[in-house]
Amino acid sequence: MSLKKKRSPVNIAVGILVLLLAAAGTVSLGLQLWRQISSSAGEKNRQRFAAYEAFIAPVIMNDPDTFDDITMADMDQLISITLWSILDDNPEPDQYEYTDKGMLLPKSEVEERFASLFGGERKPDHRSVDGGGIEFLYSEKEKSYIIPITGITPIYTPKVIEAEEKDKAVYLTVGYLASTDWQQDSQGNMVSPEPSKYMDITLGISADGSYYVRAIRKAERL
C-alpha cells in the first residue's frame, strides 16, 4: 500500500511564490533584453541615417532641381554638387596649385568624385558653373576648376525621415532644414528647425556596396 505525502498549505504557497518569482524574473529579463535590442536597433538606425545624411549633404545644400533619372539632371548643378562635395571634405590646401584667382582643382579629381556621387551612367561635361552664388571657373588650359578662396552657407541641410532598402536601391524621404531657421536654446545648444519641405531621394547601390544618387523627386509619402 503506497502512501501519498500530503503537502502542507505552507509548502504549496512557497512553491507558488517561487514560480511567480521565477516568472517575474523571466519577464524582467525579457523586458531588459527587449530594451537593449530596441536601443541597439535605434542606435544602428541613427548611425545609418547619419551616414545617408553625410552622403547627400553636398547634393541638397543648394537645392538642385528634381530629376527622375540622372541622365535628365542639370549638368551645371551636378558639377556644382561635385565641387562642393570635394570641398566639404576639407582637403589639404597644400596639395593644390594656386593662381591669383584661387585654388586649382584638377578635373581628374572632379571626374572621380562625380562618378562616386552619380554612378557611371553619365560623365561630366566640364564647364564654368554657378555654385550657389559662387562662380567656379573651368580652365581647359589648366585642366582644372578655379576655386575662389571664400565660404558659403548652405541653403539646406538634410534630415533623413525614412529609409527603405529594396531592389538594389535605397529610398529616402528627406527633410530639408533651412540653414537660416536654426535656433539656440537657453543653454546655447543648437535646435534644429522643422523641415521646410520633403523630398524623395533614390540611391543606387554599386557592386562594392557604395551609394550613388539616381533620382530626386518631390516627396509622395509625407
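In this predicted model, strands β10 (residues 197-205) and β11 (residues 211-218) run antiparallel and are joined by seven bridges. Within this pair, D200 of β10 stands opposite R217 in β11. The two strands form a hairpin, with five residues between them. One residue of that turn, G209, has a positive phi of about 90°.

The hairpin also leads into the interior of the protein. L203, which falls within the residue range of β10, is one of the two residues with the most contacts inside the largest nonpolar core, the other being L83. This core has 43 residues, and its largest share, eight residues, comes from helix α2. Leaving out residues up to four places away in sequence, L203 touches Y211, Y212, V213 and R214, among others. Further contacts of L203 include Y52, F55 and I56, as well as A169, V170 and L172. The first three of these positions, Y52, F55 and I56, fall within the range given for helix α1, residues 9-60.

Helix α2 spans residues 75-88 and holds T82. T82 counts as buried because its relative accessibility is 0%, where the cut-off for burial is under 20%. A polar atom of the T82 side chain nevertheless has a partner at hand: the backbone oxygen of L78 lies 2.8 Å away. When neighbours within four places in sequence are set aside, T82 is in contact with V110, R113, F114, L117 and F118.

These contacts of T82 point straight to helix α3, which covers residues 107-118. Helix α3 has 12 residues and reaches 16 Å from its first C-alpha to its last, close to the 16 Å expected at 1.5 Å a residue. V110, F114, L117 and F118 are buried in α3. Those four residues lie on the same side of α3, because they cover an arc of only 70° around the axis. The general geometry of helices is helpful here: an α-helix has 3.6 residues a turn, so residues three or four places apart point the same way. Just after α3 comes G119, with a positive phi of about 80°.

A second pattern of strand pairing appears in an open sheet of five strands, in the order β1-β2-β5-β4-β3, with antiparallel pairing. Its edge strands are β1 (97-99) and β3 (129-130), each of which pairs on one side only. Strands β4 and β5 pair in the antiparallel sense over three bridges. One bridge links S139 to its partner S144 in β5. K143 lies in the loop between β4 (135-139) and β5 (144-147).

The backbone of K143 deserves a closer look, as does that of D63. Most residues other than glycine have a negative phi. K143, however, has a positive phi near 50°, and D63, also not a glycine, has a positive phi of about 55°. Both residues sit in loops: K143 between β4 and β5, and D63 between α1 and α2. K143 counts as partly exposed because its relative accessible area is 43%. D63 is likewise partly exposed, with a relative accessibility of 24%.

Methods
Residues numbered from 1 in each chain as written. Heavy atoms only, no water. Pairing = 2+ DSSP bridges. Buried < 20%, exposed > 50% of the residue type's maximum accessible area, 1.4 Å probe, protein only. Polar contact = N/O pair within 3.5 Å; in protein donor to acceptor, adjacent residues only side chain to side chain. Contact = heavy atoms within 4.5 Å. Expected span 1.5 Å × (residues − 1). Arc of directions from axis to C-beta. Core = buried A, V, L, I, M, F, W, Y, C linked by side-chain atoms within 4.5 Å.
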